[in-house]
Structure formats: C-alpha cells, structure tokens
Amino acid sequence: MKIVVAVKQVPDTNAEKTFDPQTKRLNRSSIENVLNPFDEYAIEEALRCKESLGGDTTVTILTMAPQRGVDVVRKALGMGADNAALISDDAIGGSDTMSTAYLLALGLKHIGFDLVLCGTQSTDATNGIVPAAIAEHLRVPALTYAKKLQINGTAVEIQREIETGYARVVAQLPAVVSVTKGINEPRYPTLKGIMGAKKKEITMLTLADIGADVARIGDAGAKTQVESFTPVGARARGEVFVASDPKEGARKILEFLIAKKAI
Amino acid sequence: MKAVVALVEHDAGTVRRSGLELATKAADLGRDLGVASGAVVLGPGADAAAQALKETPIDTIYAGAAVPVDRFLIDPAVDALEALLKERGPLTMLVPATNAGKDIAGRIGVRLGAGVITEANDIAAQDGALVVRSPKFGGSIISTLRFKNTYGIVVCRANSFTARAEAGKGEVVALAAPTAQYNTRIEETVVQEAGKLSVDEAGIVVSGGRGLGGPEHFDIIEALADALGGAVGASRAAVDAGWIPHAHQVGQTGKTVTPQLYIACGISGAIQHKVGMRSAGIIVAINKDSNAPIYEFCDLGVVGDLFQIVPELTRLVKERKGAA
C-alpha cells in the first residue's frame, strides 16, 4: 500500500506577520516556519497504518513550498516517513487555495497513491477545503474530519467528527482522508530518526514534471483577488476585578453582561 | 452574476440558526445587486425546512428532500448543487463553515472552476460585485477579497449575519435527486450529544480549561452554558487531558468561534487559545491567577475561585431569566 501525506509549512503562530504592499503576499521568508500542527496527526496516522499493515507499505511526504520547505519535510522524515517529494517553482507564488489543491493533486497523480492523508486545515489560512478539492481533482472519495481510521482490505473506514457525535463512513480505496486532532498522539522524531532522515530521498518536482498548466496557478490563475490586508489592532485590556468574595465576583459579571446587553 | 444562493443546513427539517443567517444575507445581497436570491435545503426534512424558509426574505427555495445526503457523504449534495448552479448561474453561493459546508465548497469549487473564499464574516455589495472580508492568521489580519470570475463560493462563519423574519414570499421549487451510484457510505450516525449547540455555531460560549482540575467539574460549565442558552467550549489543556471531546476545543487545533459572548473559566489565554476566540464580541474571564495572559485582552476579568463564582453566576442568570 502506498500512503502519501500532504503537508504544509506555516508561519509560527507566535510570529509577527508582514505583507508585501505590492504583491499583497505574506512575507514568508522573514518569519520562522513550522510544520502545520494538524499535519503531524496525519503523518502519525500514516505511520501507524504502515506499522499495522506491514509488508511493502510506504509513507511518502508531499509538500509544495520554496526550496527551504525541505526543513519541514525533514521533520516528517525524522518521524519515520520513507521518502518525500517537494513541488517547488517560482511561478507558484501567489497561488490561491484552489490552485494549491490543483498542484497537490497533480503531484499525487505523479507519485501514485492508494491512500492520501491530510490534516483538516492549516493554521495560517484555516481554509479547510484543500482535502475535498484534492479528492475532486483526483475523482476519489473524500473522507474528511476522521477521528478514527481503519483499513479493511481494499476499503477505508473512518469515524467522521460531526457536531453532535460521529458518523461511521466507509469507502473503497483509493481515497483522501483528512484527520482531526485527537485521532492519535503524534510521536516526536527520535535522534536516530533525525539522523536517518538525512539519508532519505527527497524528490524535487517542477511544474513541468507534474504537467501543471501555468495559467491555472500563481496570481494569474487565482480565482480571487486580494484587495487589502488590514492588521487587527490588539483588543483593549478591560477591567480586571479582584473578587475577594465569590458572590461579589458573580454579581459583577452579571451586571456587566446586563450593561452590555449580552443577556 | 445572476443570483446569490445560500446552502441552508437543517436538522431533520428544523433550520439551523446559521441557515437563517445565510438565507437572510443571500436575500439582502440579491436585493443590493439587483439579482435573484435563493436558498437550498437537501435531504430528509427538506420540505419542512423549505416551509420555514418562507418566513425569510428569500426569493426561491430549492428543496431536494430525495437527495440522499443521509446515506452517502457529500457526493449527492455536490451533484445536486452542481446541476442547480449550472442551470441558474453564474452565481455566488454562500455555505456555512461546517465540516460538510467546507467539503462542498472544495468540491464544487473544482467542478465549476469557482473562486472560494473561506472564513468570511462580512460580505457587501459594492459597484455591482461582492466584497468579502475574512480574518486570517488567527484573526490578526483581515483580508478583503473579490472574486475574479463569475462563479464564487463564500464559506461563512456562524454569527456573522443577523437573521430576519419576513412574511413569506418565497416560492418552493423541488430539486430532483441525482441518479448516480455513490460508494462513500454513511454506515451509521452516532449521536453522543443530542440537542446540544455546537461550539462554533452558538451565540454564547462558556469554556473551561486547566483550572477546572478534572472532567467532573465540567458540569458547572455546562450548567452556566445551559442557563445562558450557549454551548460548552474547552481549551487544549482540557481536551488533551481527556476531560472533554475534541469537538469542543476552541483554538489553533480546534474551532475558531465568533460568539457575541465568550466566558473563559480557568483558561490562561495562551496564543493558541486566543487565535480561536479573539473575534468574539465580548470576552469575560474568570481565573484565580491575576497574571494570566487572558486578562490582557478580555473585556472583564474576574480574579477569584471559579468553583464558587461560576455556580453563583448560574444562579443569578437563572434568577434574572426567571424574573424577566
């Protein structure tokens, strides 16, 4: 079984973000990037599938990033993935979410797969639509928001997180599955894993390699146009009341809620 | 663009509040742009939901009661919507930022070559087109976007728009069920928390964190949420400790919520939590640690013993509601 995990590098949540006023793109080069926290669950789940399925099961990491995105890929390889592929090309800059899904789908077709695992969303854009869009490009089932995953022969079964509980969903492979936090506890790369990762193969893929139509990516291919980015000011610090008596504290909150017409 | 259409979610015929918000917004945008407005309801109960939508300002209500969204995941909904959008389009579709809504946006976006804007909390008609605002990077940046081509999909956060009742002028049109065979089967749906509001849809959220000390203390959070008519949220610490399911988690690796009122109990307010709730209307914090970061960005902070303050607040809220 060939498992491919699609991952993304994202700016550290704590980092201050700046935007290029001309291109209206995030200045990604000046901030520290990390592996998207959601993707760690997808990598862990892939490794667990490999461990339980055994045989010739492999785990490949796929990402789309500038060349230095290799750092994030190394972490995934350090966790135990077998190899990786990086789609990298200057023309990709400015691509929107839908173009991203298009390119990842082409990369997946190029690599080949039985099961694609993704995190539910990235912490920077928080779109949460890439897994379904990839599946649509590939014309395979999308089993999203999995909090449990099981491979039964040629079928995949998940527990899909829904607002009131979960739904048990079954489809035939090949398929795309996105996993939620809580499906597992991601392992840390071990020292041995990190050392071993240096020898693992990372394939560089160009747009030509995957057969991408450049008219569908970058600024030109984006279906949306950014007019502006406006930083949100910090919320003002409100009143802090030290309640020596709990009753007084509760009363204070109630009066505040009434004054604000919140209840 | 010929129309603005809202995808409205319902629970067995009862329209969700977010559905009423989206239908009202679609009707208002249609009016402002001088184009038709519509609402789509799918699956068992769609006919009852369609009747309820007659009490909104929407022009046309598309009811697909026979579309088997209860038996197959997403695919039937996508096929039914694709057929409708091609017939009535080009148009802009508003979908809720639920799991199903995001999946539908991704799939339809690819099929129609549409632009997709997510996490929207403001949409306005300007110069005959839509201008959409959406918070990004944990709410630290507001991006303002437009669609370049004719089909557009906007994934909308709950609590962004105000629902408005209006005497029914809506015409109900039946949608045919797709004839394709589907293989992504929903084998069963397990309801663990029947009748509870979801944390990302509720207008009021009461959240508990590490300060609760254990799962048994979530009952005081739930009691306050019930008294206020809100939902129960949680910090990552509480979820990671196994005190409450992940579906309740607010923050970076949980839900992003924008309720009118957010009450954080025993939550320190680390950046990973803040990014999930900083856009709330009013933030109230109760914590015993006067140095907790949450006091830097809440509207009212009360330093004290949450085990005594929360139940007392619940009592006061009930007393007030009883008197009102």
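## Where the two chains meet across strands

In this predicted model, a good place to begin is Gln225(A), whose bridge partner in S10(B) is Arg146(B). The two strands behind this pair are S12 of chain A (residues 224–231) and S10 of chain B (residues 141–147), which pair in the antiparallel sense over seven bridges.

How many residues does each chain bring to the contact? Chain A gives 73 residues and chain B gives 78 residues. On the side of chain A that touches chain B, helix H8 of chain A (residues 246–259) gives the most, with nine residues. Sorted by class, that side of chain A has 36 nonpolar, 20 polar and 17 charged residues.

## A sheet of ten strands

Now follow the sheet that includes strands of both chains. Ten strands form an open sheet, and their order is S11(A)-S5(A)-S4(A)-S1(A)-S6(A)-S10(A)-S7(A)-S8(A)-S9(A)-S13(B), with mixed pairing. Strand S11 of chain A (202–205) and S13 of chain B stand at the edges, each with a single partner strand, so one side of each is left without a neighbour in the sheet. On average, neighbouring strands here are turned by 30° against each other, direction ignored.

Let's look at both ends of that order. At one end, strand S5 of chain A (residues 83–87) pairs with S11(A) in the parallel sense over four bridges, and Ala85(A) stands opposite Thr203(A) in S11(A). Towards the other end, strand S8 of chain A (residues 155–162) and strand S9 of chain A (residues 165–172) pair in the antiparallel sense over eight bridges. S8(A) and S9(A) form a hairpin with two residues between them, and in S9(A) the bridge partner of Glu157(A) is Val170(A). S9(A) is also joined by six bridges to strand S13 of chain B (residues 185–191), and these two run antiparallel. One pair to find there is Ala167(A) with its bridge partner Thr189(B) in S13(B).

## A sheet of six strands

Another open sheet has six strands in the order S13(A)-S18(B)-S17(B)-S16(B)-S14(B)-S15(B), with parallel pairing. Which strands stand at its edges? They are strand S13 of chain A (239–242) and strand S15 of chain B (231–234); each has a single partner strand, so one side of each is left without a neighbour in the sheet. Neighbouring strands of this sheet are turned by 20° against each other on average, direction ignored.

The link between the chains in this sheet is made by S13(A) and strand S18 of chain B (residues 300–303), which run parallel and are joined by four bridges. Here Phe241(A) stands opposite Val302(B) in S18(B). Two helices lie across these strands. H8(A) lies across S13 of chain A together with strand S17 (282–287) and S18 of chain B, running at about 170° to S18(B). Helix H8 of chain B (residues 306–323) lies across strand S16 (261–265), S17 and S18 of chain B, at about 135° to S17(B).

## Two covered helices

Helix H4 of chain A (residues 130–138) is mostly covered, with nine of its nine residues buried. Among them are Ile134(A), Glu136(A) and His137(A). What covers the buried residues of H4(A)? The cover includes H3, strand S6 (115–119), strand S7 (142–152) and strand S10 (175–179) of chain A, together with H4 of chain B. Arg139(A) follows H4(A) and has a positive phi, near 60°.

The helix H4 of chain B (residues 99–112) has 14 residues and reaches 20 Å from its first C-alpha to its last, close to the 20 Å expected at 1.5 Å a residue. Of its 14 residues, 13 are buried, so H4(B) is largely enclosed by the rest of the structure. Just after H4(B), Gly113(B) takes a positive phi of about 60°.

## The nonpolar cores

In soluble globular proteins, nonpolar side chains tend to be buried together. The largest nonpolar core in this model has 133 residues, and those with the most contacts inside it are Val5(A), Ile134(A), Val177(A), Val8(B), Ala26(B) and Ala39(B). Helix H3 of chain A (residues 97–111) gives the largest share of this core, eight residues. A second, separate core of 51 residues includes Val206(B), Val257(B), Tyr262(B) and Ile267(B).

Val5(A) is a good residue to click on. Leaving aside its neighbours within four places in sequence, Val5(A) is in contact with Ala42(A), Ile43(A), Ala46(A), Val59(A), Ile61(A), Leu62(A), Ala81(A) and Leu117(A).

Key. Residues are numbered from 1 along each chain as its sequence is written. Chains are lettered from A and ligands numbered from 1 in the order in which they are written. This is a predicted model: local features need pLDDT of at least 70, side-chain atom pairs count only at pLDDT 80 or more; totals for chains, interfaces and linings use all residues. Two residues are in contact if their C-beta atoms, placed from the backbone, lie within 7 Å. Ala, Val, Leu, Ile, Met, Phe, Trp, Tyr, Cys and Pro count as nonpolar, Asp, Glu, Lys and Arg as charged, and the others, Gly among them, as polar. Two strands pair if DSSP finds at least two bridges between them. The expected span of a helix is 1.5 Å times one less than its number of residues. A residue is buried if 20 or more other C-beta atoms lie within 10 Å of its own, exposed if 12 or fewer, and partly exposed in between; C-beta atoms are placed from the backbone. Axes are lines fitted to C-alpha atoms, for helices over the stretch in contact, and angles run from 0 to 180 degrees between N-to-C directions. A nonpolar core is a set of buried Ala, Val, Leu, Ile, Met, Phe, Trp, Tyr and Cys residues joined through C-beta atoms within 7 Å.
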